[in-house]
Amino acid sequence: MVELYNPGKVSWEESQLIYHALAYLGRETLVLLSPATPYVCIGRHQDVDLEVDLDFCRANKIPVFRREVGGGAVYLDGEQYFFQLILRRDHPLVTPDKETFYRRFLDPVIKVYRRIGLPAEYKPVNDVIARNRKISGTGVAEIGDCLVFVGNLIYDFDYETMSRVLKIPDEKFRDKVHKTMQENLSTIRRELGDEKASLWTEDRLNGLLVEEFEKILGPLQPAEPDAELRAKAAELADKMINENWLHRKGRPGLGRQVRIRSGVEVFHRMHKAPGGLIRADFEMIDGKYGRVSLSGDWFCYPEEAVAALEERLTGRSPAELKAVLTDFYDRGRVETPSLGLEDWLKVLEA
């Protein structure tokens, strides 16, 4: 029988250490909680020095934690209500196909949202959206002998602080991230309005989650963290809450890339061409270019051609990129000294 831990508000450290400890102990559990204070959580493979503005976090007393689940850097606080499902890899409901797994275990989340009046639906591979905006962030990882599935119900979200804790190359790109996030990430409060949203307390929403997860998992056994779990969590704290673990180097990347939801990402790319430094800030929305901004210390004749290129790219796919650029030069009589098609491809390929 799968256990149920429902402690409500906990310290930010516990909000991460509990599910890691349960997984290493091989204990199948559904955990429902939220952090009492805000923090930033980065993915297993990220480089914190490239992803997070550590100076801002220190100045504002916002801790930073590296989890063993992949994905990107996120700002977490008590207005996000988390579910953490730990199942052994040999559990009969665990499938090797991750999309099948996500579909099965996001179904309770979707049904909770629908029960409170939101038209939630599944968006592959691991998002829940309402009115085409992401409304739950999730991830899966193999920890010990278990598969860990983590996610949330987003009651409210601090878009401003989220855009500030990220390591952003310049304020122009920060504004783009902030705007794209507001357009593509929503909350219960935003969708229902203050009056209706206030009816759905954390306890009520967690109660609905229990009901829906039990339809899949069977009856859940209420439990409290015991000595074994607390000892394991303390052991993991020694490893995971220190500078060496936090500053492990992740995978190097070119420029900056921020995932907003499935199908929506914001890119910052740079390339030093013979004709000057090119910067490209752009969105990719469901496989098409969204807003594109091109800048740098290069020359273009006529100057207004750059704005025309930004406009031409909007709504086009990466597969069309080379054709758009070729047409840009051939039909527009454009000159960019010592800067050619291959240079643009390097900064605009998603």
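Two residues are in contact when they have heavy atoms within 4.5 Å of each other. With that in mind, Ser163 makes a handy starting point in this predicted model. Ser163 sits in helix α5, which spans residues 159–165. Setting aside residues up to four places away in sequence, Ser163 touches Ile168, Arg174 and His178. Its relative accessible area is 2%, so Ser163 counts as buried, the cut-off being under 20%.

From here the view can widen to the nonpolar interior. The largest nonpolar core holds 67 residues, and the members touching the most others are Val40, Val52, Val64, Tyr113, Ile116, Phe149 and Ile188. Helix α4 (residues 98–115) is the top contributor to this core, supplying eight residues. Ile116 offers a closer look: leaving out residues up to four places away in sequence, Ile116 is in contact with Ile188, Leu192, Trp200, Leu205 and Leu208. A second core, separate from this one, comprises 30 residues, among them Ile18, Leu76, Phe82 and Ala223.

Ile18 also appears where two helices meet, namely α1 and α10. The axes of α1 (residues 12–25) and α10 (residues 227–240) come within 8 Å and cross at roughly 110°, which means that α1 is roughly perpendicular to α10. The crossing of α1 past α10 is right-handed. On the α1 side, the contact involves Glu14, Leu17, Ile18, His20, Ala21, Leu22, Tyr24 and Leu25. Helix α10 contributes Glu228, Leu229, Arg230, Lys232, Ala233, Leu236, Ala237, Lys239 and Met240. Sorted by class, the residues of this contact are eleven nonpolar, one polar and five charged.

Key. Residues numbered from 1 in each chain as written. Predicted model: local features only at pLDDT ≥ 70, side-chain atom pairs only at ≥ 80, totals over all residues. Heavy atoms only, no water. Core = buried A, V, L, I, M, F, W, Y, C linked by side-chain atoms within 4.5 Å. Buried < 20%, exposed > 50% of the residue type's maximum accessible area, 1.4 Å probe, protein only. Helix = DSSP H or I, 4+ residues; strand = E, 2+ residues; numbered from the N terminus. Axes fitted to C-alpha atoms, helices over the stretch in contact; angles between N-to-C directions. Parallel < 35°, antiparallel > 145°, perpendicular 65-115°, else oblique. Left-handed = near helix turned anticlockwise from the far one by under 90°. Nonpolar A, V, L, I, M, F, W, Y, C, P; charged D, E, K, R; others polar.
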